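This report concerns the structure shown below. Please keep the sequence and the model in view while reading.

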Amino acid sequence: MTKSALAPENVGTQFIASVSQFIACGVGTRFITSVCKNGTTVYFSDLGSIALILALGFALYTVVIAVLGAVRAQPQLVISAKRSLLVVTFFLLLASAALVVSFLTHDFGVNYVAQTSSRAMPWYFTTAAFYGGQQGSLLYWALILSLFSAIFVLTSRRTPVALVPYVIATLMGIETFFLIVLTSVSNPFVRSAVAPPDGAGLNPLLMDPGMLIHPPMLLMGYVSFSLPFAFVVAAMITGKLNNEWLRAIRRWTLAAWTIQTTGLILGAWWAYHVLGWGGYWSWDPVENAALLPWLTATAFLHSTMVQERRGMLKVWNLFLPIATFALSIFGTFEVRSGVISSVHSFAYSNIGAYFLTFLAIVIAFSSALFLFRLPKVRPDQEFDSILSREGIFLLNNLLLTGIAFATLWGTLFPLISAFMRGQTMTVGAPFYDNVMGPLLVVLILAMGIGPLLAWRRTSLTALWRNLSVPIVIAALCAVILPLLGVIDIAANIGFTVCAFTAVAMLYELWRGMRVRHAHGEAYAIALVMLFKRYRQRYGGYVVHLGLVLLVVGMIGSHYFQLQRDAVLNQGQDTQLAGYRLTYLGNIDTKEPDKETITAQLQIWHDGQLQGYIYPGRVIYRNYGNQPASLISITTFGATDLYIYLENWSGLSQADIHVFVNPLVPFVWYGALLMIIGGVFCWWPERRRVVLPHPQGRDKSGPYISRNKLPEYIESKA
Amino acid sequence: MNINNDNKINNIQNTCDLSPSVGTRFIASARNSLRVRGLVCILAALAVMAAVWSTLLIIKPKQETLDQRVQDVASQLRCPVCQGESVADSQATIAQQMRQVIREQLQSGKSKQDIVQYFVRSYGDQIVWLPPWQGFSLLAWLVPMAFLLGGAVLVVIVLRERRTGVAVAGASKTVHNENEIVLDADLEQYRAQLEAELAEEDSLFRHYRTEVK
């Protein structure tokens, strides 16, 4: 073994030995603290601090040694880099464990623990407070990045060898940035001289089960875009710009996309169930920041297919992951810097400048590489026709990047205006609704037409043949909808396009089944086999159907929401859209850490009592000026009855706001379908396939690995 | 086995096609008339739709409750003291007062536009979420449009450049058996496309295609 390969491991093992001694010492004495031989008190948080510093050292070492290994073509150095990356992961796990222990043992001497938790909080919120503030969420970022990097290293056997060291170096370069921030300006383990008896507790808005998973999912989504970025950097540095890197990253991108989708949906869910304004998406700058990388990642998922199939759009495919990663960093910067006014303002801090610098470095570095490699990239094949699968993918990418750009522009416009004219402008939901609405409709339309087009070119007659059934059904839908009460033209167009796309996709599925049926399979089995055999194709359709459902829900809640304010005294009632609410009085519950006021109401519909509801407010002891709300949502079929307690006086008066939100449940069903489809696409396929013998269908056909299949078939033909 | 499979396919084709026993030329004209009929159907549907819409709009114009209108105006205004919340969503005292003002003005018969203008006069342009269609804020609208338009133009230019000089080979991949009657070229082509795509990953289709050969 070479010296360099030994170096990190030696330090690592020594440290691990000392740490295990330390932990044994700590647990042996008083759980939190351990009084070691020389008499000084050592806390778990100190262990965390040390682990962070060591992780930083190893991360730097990894970057240097990986690049060196690649430049000098010495595989041992790359192996050393891989190992020291795993050591970084270990130290970050250790630091995170130290923080969790500090939280669970209520070690309020740690500033971060004192700021974000209190003794009265249940254990799950105390643990979730880990990422309830800035320092912890940055540690979480670093931890997840190191875990993903470790997963990459452990599964990198099939990755093209030349790319590996540069991927490792890029990942650890990003990690180094986060560790620098964590060990300097934003250290979660900083202690105060005197520990307060109790902590301040978590912001009540965050005390919701949705908060246990929404921020970590969204952050994980951001982090997971680092991998495609690292692959692009590696591909550009090595000049290996063929499809290999794309294939290696495809499932990562799918996973990243699914995670980010889940994070966004959970955010919408949380807003709907906690914030009390009757909606789930408000085009807030921070929401936009989370949507931006999702849009470019979605565009990337589609354009990779064009490169894999037709060898086109290579430059574009290098650009999109860079943009996605830069937008992820921009998102973190925007949340943390507070340059743009947002409802997420609880996250403000001083580390914005660090992120801006990092963002500038990322953009400068990747642009330089990009321009350097640009002359080398040539498409394998040329475009034949705009009326083709690749043509519709181009349209899809144009629309998605257009939506992303408009969102970014709307988010930044107040800043630009302030900078150019010294006057801030406001760009809010109505702007986005006006701009995105039409783009979204065209996108959905393209989604319906796309699968019906062939690669290369499609004749108009063939297209017409494929489109006639969906068009006729959509036209029927457009005629029937006004009779059902949809008299808004925009809403009708939206619903009609959704109907068209849904029918087009189901029709396509039906034809796939028919082709299989023609080979002698029963329809039900044919359906199962289609999904089993062509995961990504049909999983993609499931995602598309989910999106259509989600858009139907969005149109419904946007155009047909009804609302009413009512100040009710005991026994009074109010009516909205056929629902009658009878107010019975308030209930006041006092607990040591909070006071809960709930209004009791009866819901009557069609002259029948449908049930009792209790919208309310919770006043936490430490956050007396921000009463959190308990929103009552009752679902009748596809309509939500959403009641928010705006104000109250004593036990016999309540000021409620009633929303009737049609089709909102569709948003959640659609979202669920999208996530299921994403997971389905991502799910590992069997590596081996059974190839039936050409002469007969006996099961003893040879096992052929998937990538050898084409040659095998050619040899048999 | 071979024959069996072919029979099945013929059966499927027979059931799929409208007129199985006549010549291809006749079918082509039939298909044309079918397409024309389809267009007529759609035009008729559109006409019916327009008629239904206009009658509905005449019979019952869009009705809104007062609360609805208050909410509509309030959602166009930004709460001046909040962080990124609209007057409609905010619980701040000033937002509640503004909602009250909107309600009173609506009751006194002012239009929604007038009320928004009233707030713009007293708070400035920043009070509305929608950047106005004039002056500097016109940029908020025009730049995204220019981006999309530019993208579209770029795509078209790139496509044109590449297409000149590229000879397109009319690729007809379908392999027909001799006793197989080509009844419907389009359906056949679609099936061939689907099968070719599916066959890339599935031996079942590959198997079938080699058998036909």
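Which residues of α7(A) and α9(A) meet each other? The model is predicted, and the answer is set out under the first heading.

## Contact of two helices

On the α7(A) side, the contact is made by A:Tyr166, A:Val167, A:Thr170, A:Leu171 and A:Ile174. These residues meet A:Ser226, A:Ala230, A:Phe231, A:Val233, A:Ala234, A:Ile237 and A:Thr238 of α9(A). Sorted by class, the contact of α7(A) with α9(A) comprises nine nonpolar and three polar residues, with no charged residues.

Helix α7 spans residues 164–183 of chain A and helix α9 spans residues 226–238. The two helices pack at an angle of about 130°, and their axes are 8 Å apart. Angles over 115 and up to 145 degrees fall in the oblique class, and α7(A) and α9(A) are therefore oblique to each other. Their crossing is right-handed.

## Chain A as a whole

Chain A contains 21 helices and 14 strands. It has 717 residues, of which 51% count as buried. Among the contacts in chain A with a separation of 6 or more, 71% are between residues 24 or more positions apart.

## Two hairpins

Strand β4 (residues 573–576) and strand β5 (residues 579–590) of chain A are paired in the antiparallel sense, with four bridges. A:Leu576 has A:Tyr579 in β5(A) as its bridge partner. Two residues lie between the strands of this hairpin, and A:Ala577 adopts a positive phi near 50°.

β5(A) also pairs with strand β6 (residues 594–605) of chain A, again in the antiparallel sense, over eleven bridges. Within this pairing, A:Tyr583 is opposite A:Leu601 of β6(A). The hairpin that links β5(A) to β6(A) does so through three residues.

## A sheet of four strands

Four strands of chain A make up an open sheet with antiparallel pairing, in the order β3-β12-β11-β10. Why do β3 and β10 of chain A each have one side without a neighbour in the sheet? β3 (562–569) and β10 (632–636) stand at the edges and each has a single partner strand, so one side of each remains without a neighbour. On average, neighbouring strands of this sheet are turned by 20° against each other, direction ignored.

At one of these edges, β10(A) is joined by five bridges to strand β11 (residues 639–649) of chain A, and the two run antiparallel. A:Ile633 has A:Tyr642 in β11(A) as its bridge partner. In general, strands of a sheet pair through backbone hydrogen bonds.

Technical notes
Residues numbered from 1 in each chain as written. Chains lettered and ligands numbered in written order. Predicted model: local features only at pLDDT ≥ 70, side-chain atom pairs only at ≥ 80, totals over all residues. Axes fitted to C-alpha atoms, helices over the stretch in contact; angles between N-to-C directions. Parallel < 35°, antiparallel > 145°, perpendicular 65-115°, else oblique. Left-handed = near helix turned anticlockwise from the far one by under 90°. Contact = placed C-beta atoms within 7 Å. Nonpolar A, V, L, I, M, F, W, Y, C, P; charged D, E, K, R; others polar. Pairing = 2+ DSSP bridges. Buried ≥ 20, exposed ≤ 12 C-beta atoms within 10 Å, placed from the backbone.
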